[in-house]
Amino acid sequence: MPSPLVPAFAQSPYYLKRLADRALAHGINRFVIHTSVHQPFVDSTHKPGMTLGFFGQHFTRNNTWAEQSRAWLGYLGRASHLLQQGRFAADLAYFYGEGAPNAVPFWKPVDPAPPAGYDYDWVNAEVLLGRMRVEDGQLVLPTGMRYRALVLPADVNQLTLPMARKLRDLVQAGATVIAPPPNGTPSLADGPAGDDSVRAVARQVWGAADGRGVTEHAYGKGKVSWGVPVAQVLGAAGVAPDVTVDGRGPDARHAWIHRSAGDAEVYFVANQQEKAEDVTASFRVSGRDVELWDAATGETAPAAYTTANGRTEVPLHLDPYGSTFVVFRRSAAAAPSRTVAAPARATLATVAGPWQVRFQPGRGAPAAVRVDSLASWTTSAGAGVKYFSGTATYAKDVTVPAEWLRAGGRVELDLGRVKEIAEVLVNGQPAGGILWKPPFRAGVTSALKPGANRVEVRVTNLWSNRMIGDLQPGATQRFTFTDFRPFTKDSPLMESGLLGPVAFVRVSGAAEGTRGPVVARPARAV
């Protein structure tokens, strides 16, 4: 796992994806690019460069990958657009109290912790007092939000008298409340007898429930619980987890969120590990067809699934820091399961050296060099290549047998490892779009022809290496512009370039994705 202390200069879109996915799973669905507006320079003498370098994320028009950022922005835009549809689906409402400081306590663990498989909202006193009511045993808001239970953390053990009475009324109407009995009021506005009045309400609603010997008390149509796990309370009420993800590794970590949009149930599932995971995700949905929507490409494809006991299990392959939208739509009553063949991949040929590498001008590197084998630029004996930051183009002529292009399969160029972003051109034709995260694979079927083919791979790295190069003894020219340099001449360099191995691969046996209803909507910079 990359260190969270990696400087902003050394953070690629792939590095940022894990953080963005976590934010998406927490409910954020519109991103603001923090320091973009602070970059006034547009001429080449200030690229790569940044002003206001100590603050925010280096995500501006003056970094090395600015021209390739549309792929990353497209991912954020599509994911944000999907997660703006319908309404958030949550089983729990957590009330953060009326005391001071009065804020959602992100700085400390919450007790009781939200259980795995269930999502939750935080609500404040205004929402509880003025807008929350009970309908069919659920807590509902005018916005359409519905919760199965209200939770008050252990440190919310005092309530104002109006709030205590509100909780009494909600429980009496049929709500489930998981909370400690209040022992008084945090407000002088409740008068000299405020503490006694709150405790009197608590005796009504909580009865003998103290969270130790007695953990539950029925009152009116509802009940209060304390001293038992939240998942146990929900399970006793017949509320199964909304999502479970069966990871194959003991350290598997996943983030998810669920939105209900008309006749569609939209789930976002993200791998928070920098290694691929094959998992089985189980969703509290049945009787629907299942599709996988890829926010990185805009493609949709049918998913394999099995429906039983009111739940649908979907096998998922998640790339390192990978993510997918699992979308339930339409009726699938006649099809309780579906099998989708996994793609078969067979290497046609590896692409060995030599490669001709041309470097972006004005960055201190030679115009071109020949490399016999792929390696990081940082291993070069020449300072111009070793510290280069920008875009370099690898070029090579490759002979393609006619049988590679036979019907019934497709050909990809697998680049292996790339640091950090790549674009593939075959015979001058772009193929596969901008590749900014693993696996770095470009579909090249339509661009290839039998016989000789010109293959080019444009690779863009980050600009920390050039900053370090500018600080070396004897450096006569600085190629970077910034008012903040977090590195020294001895700082470690970051691997850069096309690292490979590069191979042509035939892919067969999988359904082709379609450019479907994932609508692109660019992320906004303000």
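## Report on a predicted model

V127 lies in helix α3, which covers residues 125-130. The model described here is predicted. V127 counts as buried, because its relative accessibility of 11% falls under the 20% cut-off. From V127 to F95 the C-alpha distance is 9.5 Å, although the two are 32 residues apart in sequence.

### Overall make-up

The protein has 526 residues, and 49% of them count as buried. Its secondary structure comprises eight helices and 35 strands. Along the principal axes, the C-alpha trace spans about 85 × 60 × 35 Å.

### Helix α4

Helix α4 runs over residues 161-172, twelve residues in total. From first C-alpha to last it reaches 16 Å, close to the 16 Å expected at 1.5 Å a residue. Which residues of α4 are buried? They are L161, M163, A164, K166, L167, L170 and V171. Note that the set includes a lysine, K166. After α4 comes G174, with a positive phi near 125 degrees.

### Strands around β16

Strand β16 (residues 288-294) pairs with strand β20 (residues 323-331). The pairing is antiparallel and runs over six bridges. In this pairing W293 stands opposite F325 of β20.

β16 also joins strand β17 (residues 299-302), again antiparallel, through four bridges. Here E291 stands opposite P302 in β17. β16 and β17 form a hairpin, with four residues between them. In the turn, G298 has a positive phi of about 80 degrees.

In a regular strand the side chains alternate between the two faces of the sheet.

### A five-stranded sheet

An open sheet is formed by five strands in the order β12-β15-β19-β18-β21. Its pairing is antiparallel. β12 and β21 (337-338) are at the edges, each with a single partner strand, so one side of each has no neighbour in the sheet. At the β21 edge, two bridges join it to strand β18 (residues 305-308), and the two run antiparallel. T306 has S337 of β21 as its bridge partner.

### Aromatic pairs

The count of aromatic pairs comes to 18. A pair of aromatic rings is described by the distance of the centres and the angle of the planes. Two pairs are set out here.

| Pair | Centre distance | Plane angle | Class |
|---|---|---|---|
| Y120 and W122 | 6.4 Å | 80 degrees | edge-to-face |
| W355 and Y394 | 6.2 Å | 85 degrees | edge-to-face |

Why is the pair of Y120 and W122 edge-to-face? Its planes stand at 80 degrees, and planes over 60 degrees apart count as edge-to-face. Y120 is partly exposed, because its relative accessible area of 29% lies between the 20% and 50% cut-offs. Ring pairs also link Y120 and W122 with Y94 and Y96 into a cluster.

The planes of W355 and Y394 are at 85 degrees, so this pair is edge-to-face. W355 lies in strand β23 (residues 355-359) and Y394 in strand β25 (residues 391-400), so the pair ties together parts that are 39 residues apart in sequence. Buried or exposed? W355 is buried, with a relative accessible area of 1%. Y394 is buried as well, at 2%.

### The second largest pocket

The second largest pocket has a volume of about 800 Å³. Its lining takes in 22 residues, and the closest to its centre are R22, H26, Y118, D119 and Y120. Y120 thus appears both in this lining and in the aromatic cluster.

Which elements each supply at least two residues of the lining? They are α1 (13-25), β4 (120-123), β12 (243-246) and β13 (254-261). β13 gives the most, with four residues. β12 is also an edge strand of the five-stranded sheet. By class, the lining has 14 nonpolar, five polar and three charged residues.

### The cavity

How many cavities of 30 Å³ or more are there? The count comes to one. The largest cavity holds about 40 Å³ of space. Lining it are E420, N461, L462, S464, N465, M494, E495 and S496. These residues divide into two nonpolar, four polar and two charged.

Note on methods:
Residues numbered from 1 in each chain as written. Predicted model: local features only at pLDDT ≥ 70, side-chain atom pairs only at ≥ 80, totals over all residues. Heavy atoms only, no water. Expected span 1.5 Å × (residues − 1). Buried < 20%, exposed > 50% of the residue type's maximum accessible area, 1.4 Å probe, protein only. 1 Å grid on protein atoms, 1.4 Å probe; cavity = no way out; pocket = protein on both sides within 12 Å on 5 of 7 lines; lining within 4 Å. Points joined across faces, edges and corners; volume = space filled by probe spheres on them. Nonpolar A, V, L, I, M, F, W, Y, C, P; charged D, E, K, R; others polar. Pairing = 2+ DSSP bridges. Phe/Tyr/Trp six-rings, centres within 6.5 Å; stacked < 30°, edge-to-face > 60°.
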